[in-house]
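These are my notebook entries on a single chain. I set down what I looked up, topic by topic.

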Amino acid sequence: MGPFPIRFSRGRFSALFVAFLALLLSACASNNFPPAPDKVAAADYHYIIGPGDTLHITVWQNPDLSSTVQVRPDGRISAPLVSGMLAAGLTADQLAAEIKSHVAKYVRDPVVTVVVSDFHGALSQQVSIVGAAAKPQSLPYRDKMTLLDAMIAAGGLSPYASGNDAVLIRAGKSYSIHLDGLLRRGNMADNVPLLPGDTIVIPQGWF
């Protein structure tokens, strides 16, 4: 007979998964990564629409064609004279231009505006906070967003976080960040600028 198969109950599997995740996050501790850049290349930032965003579409002097819609999980919207149009991945101005080209078949020289609310943002434009934060989550990037902005949104560090061993992952590269210095000692030199797509990994210290 071959070796007996190993069986885990659901609770046992969950416990093992949590332990594995904690071990993975602890591997970030005492990292030797270079410090995160304190400056990023200046560029005009334009918000990219993502699934879940709410869009207020206005066609001037045509209230019947104006509407408020939510971007579907597949990134598309349906509005008067517009059905199944792809909105995710576009800026508000780009989407307004797309809608205008469709509405122009029925309305002469339409003036279309798109305003975004209830921001979620495209996945590539989000900043993710994982590990030992009070509220790990993904946030839509905002122009000139900083590490402090992200950590305030995440509720700060959990009680057992090893904040000074945290890592910023950007475009496949890892950088050291000092969250204890920033959040617990108010050292603003540790408040580095963020970019869309950044991930902040906060390990849990040994206790």
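**Entry 1: salt bridges**

How many salt bridges does the structure hold? I find four. I note that the model is a predicted one.

I looked up Asp-198 and found a salt bridge with Arg-170, the closest N and O atoms lying 2.8 Å apart. Asp-198 sits in the loop between α4 (179-184) and β10 (199-202), whereas Arg-170 belongs to strand β8 (residues 167-170), so the pair ties together parts that are 28 residues apart in sequence. Is Asp-198 buried or exposed? Its relative accessibility is 1%, so I record Asp-198 as buried. Arg-170, at 10%, is buried because its value falls under the 20% cut-off.

Next I took Asp-180 and Arg-184, whose side chains meet in a salt bridge at 2.7 Å, N to O. Both are in helix α4, and because they are four residues apart there, about one helical turn separates them. I enter Asp-180 as buried at 13% relative accessibility and Arg-184 as partly exposed at 45%.

I also looked up Asp-109, which forms a salt bridge with Arg-108; the closest N and O atoms are 4.0 Å apart. Asp-109 and Arg-108 are both exposed.

**Entry 2: the nonpolar cores**

Which residues of the largest nonpolar core touch the most other members? That core has 24 residues, and I list Ile-129, Leu-147, Ile-177, Leu-179, Leu-194, Ile-200 and Ile-202. Two or more residues come from each of β6 (126-131), α3 (147-153), α4 and β10. The most is given by α3, with three residues.

I followed Leu-194 further. Leaving aside residues up to four places away in sequence, Leu-194 touches nine-residue surroundings that I note in part: among them are Val-127, Tyr-141, Met-145, Leu-168 and Ile-200. Arg-170 is also among the contacts of Leu-194, and Arg-170 is the partner of Asp-198 in the salt bridge above.

Apart from the largest core lies another, of 22 residues, including Ile-49, Leu-55, Val-82 and Val-116. As background I add that nonpolar side chains tend to be buried together in soluble globular proteins.

**Entry 3: aromatic pairs**

How many aromatic pairs are there? The count comes to two. For Tyr-45 and Tyr-141, the ring centres are 4.8 Å apart and the planes stand at 75 degrees, so I record the pair as edge-to-face. Tyr-45 is in the loop between α1 and β1 and Tyr-141 in the loop between β7 (137-140) and α3, so that 96 residues separate these distant parts of the chain. Tyr-45 is partly exposed at 21% relative accessibility, whereas Tyr-141 is buried at 7%.

The pair of Tyr-47 and Phe-119 is edge-to-face because the planes meet at 85 degrees; the ring centres are 4.9 Å apart. Tyr-47 lies in the loop between α1 and β1, and Phe-119, 72 residues away, in the loop between β5 (112-117) and β6. I enter Tyr-47 as buried at 17% and Phe-119 as partly exposed at 44%.

**Entry 4: two single residues**

Where is Gly-50 found? I place Gly-50 in the loop between α1 (10-26) and β1 (54-59). Its relative accessibility is 0%, so Gly-50 counts as buried. Beyond four places in sequence, Gly-50 touches Val-71, Ala-88, Gly-121 and Ala-122.

Ser-176 is in strand β9 (residues 173-176) and is buried at 10% relative accessibility. Its contacts beyond four places in sequence include Asn-31, Phe-33, Pro-34 and Ala-166.

Note on methods: Residues numbered from 1 in each chain as written. Predicted model: local features only at pLDDT ≥ 70, side-chain atom pairs only at ≥ 80, totals over all residues. Heavy atoms only, no water. Buried < 20%, exposed > 50% of the residue type's maximum accessible area, 1.4 Å probe, protein only. Contact = heavy atoms within 4.5 Å. Core = buried A, V, L, I, M, F, W, Y, C linked by side-chain atoms within 4.5 Å. Phe/Tyr/Trp six-rings, centres within 6.5 Å; stacked < 30°, edge-to-face > 60°.
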